[in-house]
Amino acid sequence: MSDDAQKPSKLDAQMRAALLGVIGTGVVLSLGAFAFGGPRFGLGVAIGGALAPVNLWVFAQVGEAFLSRRGNTAPWAVIATIKLALLLGGVWLILRSGIASGLSLIVGYGALPIGITVGTLFGPKPPEDVPEGDGRRTPGSASQTSRRSFEDAPREDVLKARPADEGDPSNEP
């Protein structure tokens, strides 16, 4: 078995930044809630703030497994279903027991969208999809070397499955 098959997948830099943003936002919201809302409200915000990064991490793992299509995705579908059931069941138990109010959980769980936004705005930028170039393809290549706009003239004749002729009037914009 190869080393790649044995290691769990690592999160990319953008997802790590979003996860750190969610954790940081949860901590800030919890501290503010303890300071201004009292211990019971602060506890609820802390619980909601703890649920948010765990939910994001599991969501990232499930999404990566589905998108990478390595191996069987059926176990990940089961994990996603269990995650949803645990999240909803856990929140129901917390609300039913009276440990925290629904409002405090919502405020704490608000760390998820706020933290993702902060992590996306201030975290590392995603790599460019393709290198800069002149927009031309070499004959027989399947991928484009740069981004093109709708104003660019087509570089190959798709219907005839061959590179476009320079003098072909049907190829003019």
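Arg40 counts as partly exposed, because its relative accessibility is 49% and the partly exposed class runs from 20% to 50%. The model is predicted. Arg40 sits in helix α3, which covers residues 39-68.

**Around Arg40**

The contacts of Arg40 beyond four places in sequence are Gly98, Ile99, Ala100 and Ser101. With Gly98 there is also a polar approach: a polar atom of the Arg40 side chain lies 2.8 Å from the backbone oxygen of Gly98. Ser104 is 64 residues from Arg40 along the chain, yet their C-alpha atoms are 8.7 Å apart.

**Helix α2 and Ser30**

Helix α2 spans residues 13-37. It holds 25 residues. From first C-alpha to last it reaches 35 Å, close to the expected 36 Å at 1.5 Å a residue. Just after α2 comes Gly38, with a positive phi of about 95°.

Ser30 belongs to α2. Is Ser30 buried or exposed? Ser30 is buried, because its relative accessible area is 11%, and buried means under 20%. The Ser30 side chain reaches the backbone oxygen of Gly26 at 2.8 Å. An α-helix has 3.6 residues a turn, so residues three or four places apart point the same way. Farther along the chain, past four places in sequence, Ser30 touches Val45 and Ala46.

Two side-chain approaches to backbone oxygens can be set side by side.

| Side chain | Backbone oxygen | Distance |
|---|---|---|
| Arg40 | Gly98 | 2.8 Å |
| Ser30 | Gly26 | 2.8 Å |

**Packing and core**

Which residues of α2 are buried? They are Ala17, Ala18, Leu19, Gly21, Val22, Thr25, Gly26, Ser30 and Ala33. These buried residues pack against α3 and α6, the latter covering 111-122.

The largest nonpolar core has nine residues: Leu11, Ala18, Leu19, Val22, Ala52, Leu56, Ala60, Ala111 and Leu112. Helices α2, α3 and α6 each give two or more residues to this core.

Ala18 is one of the core residues. It is also among the buried residues of α2. Setting aside neighbours within four places in sequence, Ala18 is in contact with Leu56, Gly115, Ile116 and Gly119. Of these partners, Leu56 is itself listed in the core.

Methods:
Residues numbered from 1 in each chain as written. Predicted model: local features only at pLDDT ≥ 70, side-chain atom pairs only at ≥ 80, totals over all residues. Heavy atoms only, no water. Helix = DSSP H or I, 4+ residues; strand = E, 2+ residues; numbered from the N terminus. Buried < 20%, exposed > 50% of the residue type's maximum accessible area, 1.4 Å probe, protein only. Contact = heavy atoms within 4.5 Å. Polar contact = N/O pair within 3.5 Å; in protein donor to acceptor, adjacent residues only side chain to side chain. Expected span 1.5 Å × (residues − 1). Core = buried A, V, L, I, M, F, W, Y, C linked by side-chain atoms within 4.5 Å.
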